[in-house]
Each structure stands twice: as structure tokens, then as C-alpha cells.
Amino acid sequence: MLLLDYQNVLIESLLTDRFQGGPPVNIDQVVSDFDGVTFHISTPETKTKILVSINVKCFHELVQYGAQAVLEREYGQYIVAPENGYDFSVQVDLENLPADQEGKDDLIRRISLLKRNAMAAPFEQAFDEFHELSEEASKYTSESAPAGVQEGGEVRAIHYREEEAIYIKASHDRVTVLFSTIFREETDRIFGKVFLQEFVDARRRAIQNAPQVLFRNDPPLELQNIPGINNSGSGEIGYITFVLFPRHLTKQRRAEVISHIQTFRDYFHYHIKASKAYIHSRMRRRTADFLQVLRRARPENEEKERKTASGRTFRVQS
Amino acid sequence: MASHTPAVVMDNGTGYSKLGFAGNDSPSFVFPTAIATKSAGGGAGGSGSGRPAVANKPSFLTGGAGPGGHLSGKRGTEDLDFFIGDEALSAAGGPGYGIHYPIRHGQIDDWDLMERFWSNSIFKYLRVEPEDHHFLLTEPPLNPPENRENTAEIMFESFNCAGLYIAVQAVLALAASWTSSKVQDRSLTGTVIDSGAGVTHVIPVAEGYVIGSSIKSVPIAGRDITNFVQSLLRDRGEPDSSLQTAERIKEEYCYVSPDIVKEFSRFDRESDDRFKKHKVTYPNGKSVEVDVGYERFLAPEIFFNPEIYSSDFLTPLPTIVDTVIQTSPIDVRRGLYKNIVLSGGSTLYKDFGRRLQRDIRHLVDARIKASEAKSGGAKSGGLDVQVITHKRQRHGPWFGGSLLGQTPEFRSYCHTKAEYDEIGPSIVRRFALLGGPGST
């Protein structure tokens, strides 16, 4: 598994199972997803009505960036009033499903992507803003452009974890996505550095049209005036910058790019952990090899002291 | 950090792994503890288990031309090319992948594979960041402390999990029985009968601690019942006697009878509603009907009369349970008789608990009567035998873990990453007893 899935596997398998028309059962599960997202899947009224609720830490920020519109576009008629303690709910009635298999699959896919869609709003908004800005910018030459067009729009901050955030900024020729990330562990930090170096190198080596990736420990210039940025420049916090160019922002690429970039942090941490697992397995292997060498080094028949029945010892005269 | 996130409960058994979050009443995922890896494709040192290819000799023996020499060629991601669970079973059907079972007899056998199994369970299925969650893992009784340490090394060093608690499956099964209405006091004393696919264990637990010297296992479990049903179907010459059909019949129709002789005559008298027909539908659309007869009550009967199935193991389960309790310390025996808890898929037959309770009570009463006669006049106060059947038997240990993992004090029982860094892996040799005396 190289990439993480975007959808929640539990919701997907649960709905697939239910949609196939098995006998209705009660469901009541609270499950987590990455980044402190909590889902509640339940059948509160009858066994045929499945309610899926989501709780996202930064939902008020997402709403500010137009999450409601995105969710309404995706879920339309399935939206119900949010369950108590959750931010957003959709309800599916098993007796009122799309008739064809394709429609069902699409519905399953969309509901299992609930987290992705909720988080997608600021990205979509930024991408739209980029298109507006680039249109506006095309009216001017680089000198005559008013300051607003040159510098681009506001920075959208999503504090999706307690100490980490995504910042998105649209300009007329690119969209910049910044991750602030924190490493609790000394080892992880080192692994992280190696990985990020690889990201930077990948562009240099082979994949020219990948987005540009930058990594630094102090806040980049884009974030200068944002409140709540830790300016200490200590090694714990890192800032990873993705620069998305117009070719990444075309209509047909958009959805894919958003999904990819959202999972970046989890992807990153998953691979740090997977590399550690790999190194551990090599260490185990090597220890086993050393033990084998040690065993081989032992003399085959050790000279044992022999005793007579009365307990006296004797030595063979040479 | 991990303030509100539910704890992750993972119960990795020999056959199936149960994964989920504390507070739920059923695991989110139940799949085989299997991992399919790419078979070594002629690599120099690659072993069959898909471990990284390391040269056979350490580098100082090969003059420095060891594994370091071709490290640059190792930018690949072969170590991530594997599947777990049901996907592993289907991948192993195709070419290129070999299937492995990292757990043998309840204990982790291959740590490399287990580490990767966990990594995939956490990131692909549960989708959590281990740094944000506490973990509750299970272990079989008599698990060596070294295995615990290895587990802790993986959980803390690879995954940096926020906190870890390792509980004994039998103790969790006792905790799961608290949902039954028969249980009044939430004590952790009792006898656990844990019957899964491979083997049945009878484990006495006193105040949350397993009495290791008295554990007994019975080589009769779910798989044997399936085989027995299959052999009965074969003997009768049924049109379909495959293992799957036998398993379906076992799960759908079998029950425990109070007395086989009476049950036989009852079948002959009321044959219409006792004999059933099981319909098997094949993927190609055809279907056949299989008669289901005496195996309905004969199959689970092999727990009580093993001689009808096996010729080398002849002790009935009630006798084993009685022996286990009799070999335990005398001051806990009363508690062990009073709280016999069932756990695992092979204890789900209807009336299994009732029959077991009756048989054990017979044994106990006979013994009391004999000693009363010997003592010449003394009267015994009697002994209470109670077998507890509850709704969560199938995933008993997992459910017990979920129950205990959602309690507010669970986190204080865990060992945290900071404590691990301070003391080292040996920290997990001891855990405070979760749900034991003193906790609510």
C-alpha cells in the first residue's frame, strides 16, 4: 500500500454490505479517522435508515470557506439536521436507494468520502480564486498590476489538528499550500528530513511537472502576518510548501489534486512509520545472522571432563 | 493530544483479528490474521517471507561488499507490497503472493510480518494516527514477557502510540460477561471457557490474575465440529458435503441437547419439524438440497462425549472444567464455580451453557454427597455452580476490551510513550489491573 485511501473503509464496507439487501440490523458505531475526525454511524429511528455524522475539529473554519455549499452539492437530498455533538449528518434510507447498481456505488463512494469533501472546501475556494485572479492579471502587464492582484488573496488557515495547520493562498499564477507539521520524536524528525529531501530531489531528478516542494523550519514569507504562527524557528515545527501551478489546477485534475494533498500529512507519517518497520525487520534479520555466526564459531565437540563412577577424574595422557 | 480520541482495541487471534474502537459494541473489522507478501523473486538473500534481502554474510566477512554495496538500488518500495486480512486470502489465490499467518497458537510467531500487519491495520483499516490514540492489545494466557516487550517495542518505537495496555484475553472475557443480567458483582474471578477455531482453553482467573498452573486445554474446537459434521454428511452420501456446507450447517442448525438418547427418539417421533433441509446455491446458479438430521445435536455433543468423534481424547468438557477448578487454590474455588464464563465462537450453540452447568453440578453434587457419607453425619452447605451465557460471547475478549477501554480511568492504567522512553521495554512486564479492585 503506497498511497492511503481517501475514503473511510469502514463506512464503505458497511454501506456496501447494507445496500446488498441483507436483513436490516442495528448499527451504532463511533469510529475515528485521521486528523481527529470522528464519525458516528447509527440507525436511530428504524433499522433501514442509516445516519452518518461527522465531527471535524475545524468545522467552523471550513464553513467559513464554503464547506456548506460543497457538502450540499455532494449530498443534496441526503442531508439532515446535524446530530447533537456532530457537525454534519447525512441519512440514507435503505428503502429508497438509487435503483441501479451504479447509482448505489456512487452513493457509497460519496458518503465514504465525507471527510475528504468536508475538507475540500477551502481548496476549491482557493482554486476558484486563482482562476479569477489569473483572469484579472491577464489584463495587466507585470508592472502596471495593482498590488492586490500581484500579491494574491488572503491566506486560508485550517487548524485541522491541535498544533498543526494547513494554509492555502491563491495568487494569479499559482496556489500555495503550506503545511505546518510537528514532530514529537527525535527519530521521526530525522526520517522526516530525509523524506522531504526526497520530495525536493524527485522534481530535480525525474518528474519535472510535479509541484514544487520546499521545506524549512521557520515560517515562510507567505505566513508573515498570520496570527498564531510560532516564530521560534526551533527544530520541532517544520513548514512544507507545495506550489501548485496552473497545470495542476485544471478542471479535470482538480478533484484528484485536492484528495492527494489532503492526505499528505497522514501519508507522510505513515511512510515514516513504514520505514521504521522496514529498518526494524532488517535489524532483526541481521541479529539472526550474527547469532548464526556465533553458533558456527562454537567448537564442535567440547572436551568434557570425564568422571569415573566413584567421582574421580582422569586425563588422557598425550 | 490524545484527549478525546477513543482507544483502539485490537484482539489479534490465531484465526481472526478483531479491530475497533473502545465504546462500540462490536468490532469495526474482523478479518483473518493473514498477510500475503510477494514471494522472493530470486533475490540474493530474500527469504520466502518477503523480508528484505540482506546478504547472507555480514559485511565484515564478505570484505565490505555486503549489503551496503547495493543499497543505492534499494529505492523501491517492495516492503509495502503486501495485503492483510481478506484481501490477503484473495491475493494469495493469484500469482506472485504467498500467504503467511504471523500468529501461531495464539502467540506472535513472526514479528516482521506482525509489524507490517499492524501498520496496515492501523493506517488502512482503522485510519488513525497512532500518536493520537491509546491502544489496548490482548495476549493469550502464559504469554512470555519477552513477547510483551517485543510488542511494546513495535508499538512505541515504530508507531509512537500515545499509550499502551496489554490485557490477557481471559480476563477481558470475564469483563465482557458483566453485560449479562446474571452477574451481580463485577468481580474478575471466574473460569473462562474459550473455544475458538483451533483449540479450547479452560482458564481459571482469580482477582484478575490467571492461575497458570491450572490451565487445561482440550483439543476439540470449532474446526473439529465442522469436520465431524462433514464426515456425517459424507457417510450419508449427501449431494454436497464440502467444508463450507458443513460449516454453514454447524452455524445455522446445531444445538446442544440435554440427553442424546431422548433426543434420538424425539427425532424419530417428530421427524417433520426436527429434520431440516439446507439449500446450497452455487455461484453458477445451480442449487441442491442437503438433509440435516441427527448432526444438529450430535455435533456439539463431542464436547460432552468426545468418544463419538475422537479415539485419543476422551475426557468430557465438564470433567475438565471440574478438574481445573479442583486444582486451583482452595480459597478461590467457590468463586470459580460460581462464575463460569463462555467465550469464543464455538460456545454459541443453543443450550450449551445450560448443559455444561447441569453436568458440572452433577459432578460437584456427587462429590459432596460422597464426602458427606465419609464424614459420617456432617452436612455441606452446598456449592453454587453457574455458567454464564451472554450476548457478546463471540467476540468476548474484544468486547471486554472495548468495555474497559472506554472507562475514564483507562488512560491512567496505560503505559505512555514517555514512561517507555524513561524505563525501556521492561516496563510492560507489569500492568496495573484494569477493572480490578479499587477501580469503579
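**View 1. Ser17(B) sits within strand E2 (residues 16-21) of chain B.** In this predicted model, Ser17(B) has a relative accessibility of 0% and therefore counts as buried. Its side chain makes a polar contact with the side chain of Asn12(B), at 2.8 Å. When residues up to four places away in sequence are set aside, Ser17(B) touches Asp11(B), Asn12(B), Phe29(B), Val30(B), Phe31(B), Pro32(B), Thr33(B) and Phe117(B), so that Asn12(B) appears both in this list and as the partner in the polar contact.

**View 2. Helix H1 (residues 9-19) and helix H4 (residues 101-112) of chain A cross at roughly 150°, and their axes come within 9 Å.** Because angles over 145 degrees are counted in this way, H1(A) is roughly antiparallel to H4(A), and the crossing of the two helices is right-handed. On the side of H1(A), the contact is made by Ile11(A), Glu12(A), Leu15(A), Thr16(A) and Phe19(A), while H4(A) contributes Lys104(A), Leu107(A), Ile108(A), Ile111(A) and Ser112(A). Sorted by class, the contact of H1(A) with H4(A) has 6 nonpolar, 2 polar and 2 charged residues.

**View 3. Helix H5 (residues 114-137) and helix H8 (residues 251-262) of chain A pack with their axes 10 Å apart, at an angle of about 120°.** The two helices H5(A) and H8(A) are therefore oblique to each other, and their crossing is right-handed. Here Arg116(A), Met119(A), Ala120(A), Phe123(A), Glu124(A), Phe127(A) and Asp128(A) of H5(A) meet Arg254(A), Ala255(A), Val257(A), Ile258(A), Ser259(A), Ile261(A) and Gln262(A) of H8(A). By class, the contact of H5(A) with H8(A) has 8 nonpolar, 2 polar and 4 charged residues.

**View 4. Asp35(A) occupies the loop between strand E1 (28-33) and strand E2 (37-42) of chain A.** Most residues other than glycine have a negative phi. The phi of Asp35(A), by contrast, is near 60°, a positive value in a residue other than glycine. With a relative accessibility of 4%, Asp35(A) counts as buried.

**View 5. His105(B) lies in the loop between strand E7 (103-104) and strand E8 (107-108) of chain B.** Although His105(B) is not a glycine, its phi is positive, at about 50°. His105(B) is exposed, its relative accessible area being 76%, whereas Asp35(A), in the preceding view, counts as buried.

**View 6. Ser310(B) belongs to the loop between helix H9 (295-301) and helix H10 (317-326) of chain B.** At 11% relative accessibility, Ser310(B) counts as buried. The side chain of Ser310(B) reaches the backbone nitrogen of Phe313(B), at 3.0 Å.

**View 7. Glu247(B) is part of helix H6 (residues 243-253) of chain B.** Its relative accessibility of 37% places Glu247(B) in the partly exposed class. The C-alpha atom of Glu247(B) is separated by 8.5 Å from that of Ile225(B), and these two residues are 22 residues apart along the chain. As wider context for this view, chain B has 15 helices and 19 strands, and buried residues make up 54% of its 440 residues. Among contacts in chain B between residues at least 6 apart in sequence, 68% join residues at least 24 apart.

Conventions:
Residues are numbered from 1 along each chain as its sequence is written. Chains are lettered from A and ligands numbered from 1 in the order in which they are written. This is a predicted model: local features need pLDDT of at least 70, side-chain atom pairs count only at pLDDT 80 or more; totals for chains, interfaces and linings use all residues. Side-chain values use heavy atoms; hydrogens and water are left out. Helices (H or I, at least four residues) and strands (E, at least two) are DSSP runs, numbered from the N terminus. Buried means under 20% relative accessible area, exposed over 50%, partly exposed in between (1.4 Å probe, protein chains only). A polar contact is a pair of N or O atoms within 3.5 Å; within protein, one must be able to donate a hydrogen and the other to accept it, and residues adjacent in sequence count only if both atoms are side-chain atoms. Contact means heavy atoms within 4.5 Å. Axes are lines fitted to C-alpha atoms, for helices over the stretch in contact, and angles run from 0 to 180 degrees between N-to-C directions. Angles under 35 degrees count as roughly parallel, over 145 as roughly antiparallel, 65 to 115 as roughly perpendicular and the rest as oblique. A crossing is left-handed if the near helix is turned anticlockwise from the far one by less than a right angle, and right-handed if clockwise. Ala, Val, Leu, Ile, Met, Phe, Trp, Tyr, Cys and Pro count as nonpolar, Asp, Glu, Lys and Arg as charged, and the others, Gly among them, as polar.
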